[in-house]
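New to this one? Here is a quick briefing to read alongside the sequence and the 3D view.

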Amino acid sequence: MFRIKICGITTVEDAILAADAGADAVGLNFYPRSPRCISPEIARDIANSIPGGVLRVGVVVNLSEQDALDLVAAAALDVLQLHGDEPPAVAARLSQAVPVIKVFRIGAEGISPVLEYLEEFRRAGGVVRPVLFDAHQPGQFGGMGKTANWAAIQNYPAEPWHPPFLLAGGLTPENVAEAIRTLRPLGVDVASGVEHSPGQKAPELVKAFVWAAKHGFELI
């Protein structure tokens, strides 16, 4: 899927910055309540500005199935990242049409709700892709800069049918290598940890994050 994703990209310039720094995915946010939300038209301009090998990941929250599929076409997306409370059956149907990453906000209940969801997803015919673990904060859907519950994530099982996981939540150039060594995710995802302000990427932080993440992956 991807190793390093810079999420919450809002401009062509920041997309090119991420790609040039070595990220292999950019996240484009379509959640209206997010300060990083962009239109499908801007997303398509961004998609057209970066190399074909860089994944365009659309971050959505509780869209209808048809609206989600229409967005994929309108914004030239490669992947849908479901960041809301989408039921397993909805995620499963979408996964049959487009690659889907389902996000889980790991809270006090730990990893158990993830395993229950994935079992329902599998029974509904879902196409297994990586899942993404993020921090939990009531009423929020990511981009908060809060570190995920690493201890709970370490309990995620490695059964053959459990998809590999991607890690988000409070990652920065300073802690991403440690996160990779500790949890051994398939990939890492950052938004606020490389910004001057919400939606405005800091070039020096983007470059430092990508460098640190690559170093972390080299050590596992």
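What follows is a short tour, going from the overall fold to a few local spots.

Keep in mind that this is a predicted model. The chain has 220 residues, and its radius of gyration of 16 Å agrees with the value near 17 Å that a compact globule would have. Its secondary structure comes to 8 helices and 10 strands.

**The chain as a whole**

- If you lay the C-alpha trace along its principal axes, it spans about 40 × 40 × 30 Å.
- Buried residues account for 53% of the 220 in the chain.
- Take the contacts between residues at least 6 apart in sequence: 62% of them join residues at least 24 apart.
- About 9,500 Å² of the chain is exposed, and carbon and sulfur atoms supply 51% of that area.

**Helix H1 and its neighbours**

- Helix H1 covers residues 12-21, and its buried residues are Asp14, Ala15, Leu17, Ala18 and Ala19.
- Those buried residues of H1 have plenty of partners to pack against: strands E1 (4-6), E2 (25-29) and E10 (200-201), plus helices H2 (40-49) and H8 (203-218).
- Right after H1 comes Gly22, with a positive phi near 115°.

**The cavity**

- How many cavities of 30 Å³ or more does the structure hold? There is 1, and the largest cavity has about 70 Å³ of space in it.
- Two elements each supply at least two residues of its lining: strand E5 (100-106) and helix H5 (112-123).
- E5 gives the most to that lining, with 4 residues.
- The residues that line the largest cavity include Val100, Ile101, Lys102 and Phe104, along with Tyr117, Leu118 and Phe121. Further along the sequence, Val127, Arg129, Pro130 and Val131 line the cavity too.
- Sorted by class, the cavity lining holds 9 nonpolar and 2 charged residues, and no polar ones.

**The second largest pocket**

- The second largest pocket has a volume of about 340 Å³.
- It is lined by 19 residues, and the closest to its centre are Phe104, Arg105, Glu109, Pro113 and Val114.
- E5 and H5 turn up again here, as the elements that give two or more residues to the pocket's lining.
- Phe104 is worth finding in the viewer: it is among the residues closest to the centre of this pocket, and it also lines the largest cavity.
- The pocket's lining is a mix of 8 nonpolar, 4 polar and 7 charged residues.

**Two loop residues with positive phi**

- Ala76 has a phi near 55°, which is a positive value in a residue other than glycine. Look for Ala76 in the loop between helix H3 (65-75) and strand E4 (79-82).
- Is Ala76 buried, partly exposed or exposed? Its relative accessibility is 24%, so Ala76 counts as partly exposed.
- Arg184 is another residue other than glycine with a positive phi, again near 55°. Its place is in the loop between helix H7 (176-183) and strand E8 (187-190).
- Arg184 has a relative accessible area of 53%, so it is exposed.

How values were computed
Residues are numbered from 1 along each chain as its sequence is written. This is a predicted model: local features need pLDDT of at least 70, side-chain atom pairs count only at pLDDT 80 or more; totals for chains, interfaces and linings use all residues. Side-chain values use heavy atoms; hydrogens and water are left out. On a 1 Å grid over the protein atoms alone, a cavity is a set of points where a 1.4 Å probe fits but cannot get out, and a pocket is an open set with protein on both sides within 12 Å along at least five of seven lines; lining residues have an atom within 4 Å of a point. Grid points are joined across faces, edges and corners, and a volume is the space filled by probe spheres set on the points. Ala, Val, Leu, Ile, Met, Phe, Trp, Tyr, Cys and Pro count as nonpolar, Asp, Glu, Lys and Arg as charged, and the others, Gly among them, as polar. Buried means under 20% relative accessible area, exposed over 50%, partly exposed in between (1.4 Å probe, protein chains only). The radius of gyration is taken over C-alpha atoms; the globule rule is 2.2 Å times the number of residues to the power 0.38. Contact means heavy atoms within 4.5 Å. Accessible areas come from the Shrake-Rupley method with a 1.4 Å probe; for residues, only the protein chains shown count as cover.
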